[in-house]
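Hi,

Here is the structure I said I would pass on. Have a look at it first, and my notes follow below.

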Amino acid sequence: MRKIWFAFGDSITDMGYYIDTVVEDTGYQGVKFGYSGYSYGVDHTGFGSLKDVYTDMFQSEQKPDVITIWAGTNDFGHSGTLESMRENMGEIIEGILHQYPDVCLLIITPIKRNYDVQDNPGETTGMGPNSLGLYLGDYVHVIKEVARKYALPILDLYTLEKINMNNAHEYTLDGLHPTPEYGIHLGHTIAEAITLHVL
């Protein structure tokens, strides 16, 4: 019987360029739960918190062997607080582990980003601070901190991937969302992490 993988996250998961590659590499059946614009924490820009939608997974008749959570870039981009991010992320993790106590829950950090603020005045550049004076790396630090608290495996794409402010547009459609080609590369990386951590 094929193992089941739930991919949960924001617009990068909603676009899903990496998902087919993970399915091909692992042989798992993939189920996508993507929510464009959503953050871990409280979001005052009109988008929602992943805390309000993660239980959508529980409505599935399928029981996952592995769940990946790939989110956090919107917490930075929409200037959400670290405190609400930390609190909501913990609630999501605890809820998932209560519902699926035997699941492998893999946390994925955001990749680096580089919006052109002239073309996208509502966003901030990934290499600079947001309106709270915080950097994307500050949010990545909290994601890793919370994952370690629950002894969860972490795929740190922020550190591993070689995106910077000068080459982000080579790998992304808009400074944030991976191109289909780069999505394939990320899919291979995620599949390796899943294979490493799932028995």
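Let me start with what packs over helix α4. Its buried residues are covered by a set of elements that includes the strands β1 (4-9), β3 (66-70) and β4 (104-108), along with the helices α3 (73-77) and α5 (136-149). Bear in mind that this is a predicted model.

The α4 residues that count as buried are L82, S84, M85, N88, M89, G90, I92, I93, G95 and I96. As for the helix itself, α4 runs over residues 82-99, which makes 18 residues. From first C-alpha to last it reaches 26 Å, close to the 26 Å expected at 1.5 Å a residue.

I also looked for holes. Searching the whole structure turned up two cavities of 30 Å³ or more.

The largest one has a volume of about 40 Å³. Around it you'll find D10, I12, W70, A71, G72, T73, P110, I111 and L176. Sorted by class, that lining comes to six nonpolar residues, two polar and one charged.

The second largest cavity has a volume of about 30 Å³. I12, M15, Y17, Y18, P178 and G183 line it. Here the split is five nonpolar and one polar, with no charged residues.

If you open the model, I12 is a handy place to begin: it belongs to the lining of the largest cavity and also to that of the second largest. For α4, you could start from β1 (4-9), one of the elements covering its buried residues.

Cheers

Methods. Residues numbered from 1 in each chain as written. Predicted model: local features only at pLDDT ≥ 70, side-chain atom pairs only at ≥ 80, totals over all residues. Heavy atoms only, no water. Helix = DSSP H or I, 4+ residues; strand = E, 2+ residues; numbered from the N terminus. Expected span 1.5 Å × (residues − 1). Buried < 20%, exposed > 50% of the residue type's maximum accessible area, 1.4 Å probe, protein only. Contact = heavy atoms within 4.5 Å. 1 Å grid on protein atoms, 1.4 Å probe; cavity = no way out; pocket = protein on both sides within 12 Å on 5 of 7 lines; lining within 4 Å. Points joined across faces, edges and corners; volume = space filled by probe spheres on them. Nonpolar A, V, L, I, M, F, W, Y, C, P; charged D, E, K, R; others polar.
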